[in-house]
Amino acid sequence: MRLFKFIFSILILGSCLLVPATAQDEKDHTHLRRDMVARQIKGRGIKDKSVLSAMETVPRHAFVPPGKKAAAYEDRPLAIGFGQTISQPYIVALMTELLKLDKSARVLEVGTGSGYQAAILAMTAKEVYSIEIVQPLHQRSSKVLEKLGYRNIFTTHGDGYYGWEPYGPYDAIIVTCASEFVPPPLIRQLKPGGRMCIPVGPPFKVQHLVLIEKGKNTELTTTIIGSVRFVPLVRDIN
Ligand code: SAH
């Protein structure tokens with residue numbers, strides 16, 4: 001009987017300790033996120049209100065591996081396994097702002113990775129279609145997004161070079177891995193009046209972040225936004 005009482009009191013004590021710790025974690029993360037937006041995002045000139053609000057809301061720490069949660073709001077990319085990374089928060093915000101999304105927009109993302117960028121897009125657009133070539137990353141990010149309750153993100157496993165034709169054409173396309181050239185299927189799946197943001201350049205070197213605008217008559221305008229370093233777009237499905 002004594003032993004039961006002892007175990008019971010340990011369990012009660014344990015749960016008392018656990019609940020406030022979790023609430024405190026959430027408070028800490030909210031604070032870190034506000035700070036991230038103020039310094040890294042607003043501080044560098046991002047103005048779009050819906051992008052700022054998404055960056056303040058989406059729990060970035062839920063998308064990074066368990067051992068890296070403490071670094072989730074730092075000003076840098078982080079490794080997510082399989083040689084891949086979750087992009088620096090500023091780059092996520094910049095690329096999202098460049099797409100000029102609204103609540104009627106349907107967006108294609110190439111490179112789901114952690115799922116974080118897809119979550120930011122889901123808060124600023126109507127629907128997000130995201131493709132990932134690494135099967136375990138596809139499975140992991142799909143689970144995280146489902147658990148967090150995003151209902152307007154659709155994910156698939158495949159080579160995003162070909163886009164995701166059945167749901168196209170899209171109002172916007174974002175490519176979160178670097179390609180030596182802009183994949184022609186993605187140009188075809190961009191609506192007239194649509195915008196695409198893509199890092200173009202050699203693998204593992206500095207690349208150009210490029211904005212492509214498709215005019216009403218399908219003419220293309222290309223603007224180089226700046227220099228970036230993304231993991232390469234690969235073609236072998238695994
Ligand atoms: N948007 C992601 C960034 C992930 S890094 C995030 O928010 O976390 C880029 C991702 O692109 C990697 O997960 C990589 O596996 C994926 N990728 C590379 N080549 C691809 C291709 N051809 N099709 C789809 N995904 C690709």
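Q: Helices (DSSP H or I, at least four residues) and strands (E, at least two) are DSSP runs numbered from the N terminus, so which helix holds Asp35 and Arg39?
A: Both are in helix 1 (residues 2-41), four residues apart, or about one turn of the helix. Their side chains form a salt bridge, 3.0 Å from N to O; the term covers a side-chain nitrogen of Lys or Arg within 4 Å of a carboxyl oxygen of Asp or Glu.

Q: How many salt bridges are there in the whole structure?
A: Seven. This is a predicted model, where local features need pLDDT of at least 70, side-chain atom pairs count only at pLDDT 80 or more, and totals for chains, interfaces and linings use all residues. Residues are numbered from 1 along each chain as its sequence is written, and side-chain values use heavy atoms, without hydrogens and water.

Q: On to the ligand: which residues come nearest?
A: Ser114, Glu132, Asp159, Gly160 and Val234, out of 25 around the ligand (a heavy atom within 4 Å).

Q: What do Asp159 and Gly160 do there in terms of polar atoms?
A: Each has an atom 2.8 Å from a ligand nitrogen: a polar side-chain atom for Asp159, a backbone N or O for Gly160. Polar contacts are N or O pairs within 3.5 Å.

Q: How much of the ligand is buried?
A: The protein buries 99% of the 580 Å² that the ligand exposes alone (Shrake-Rupley, 1.4 Å probe).

Q: Which strand gives the most to the shell?
A: Strand 2, with three residues. By class, the shell has 12 nonpolar, 10 polar (Gly counts here) and three charged residues (Asp, Glu, Lys or Arg).

Methods:
A polar contact is a pair of N or O atoms within 3.5 Å; within protein, one must be able to donate a hydrogen and the other to accept it, and residues adjacent in sequence count only if both atoms are side-chain atoms.
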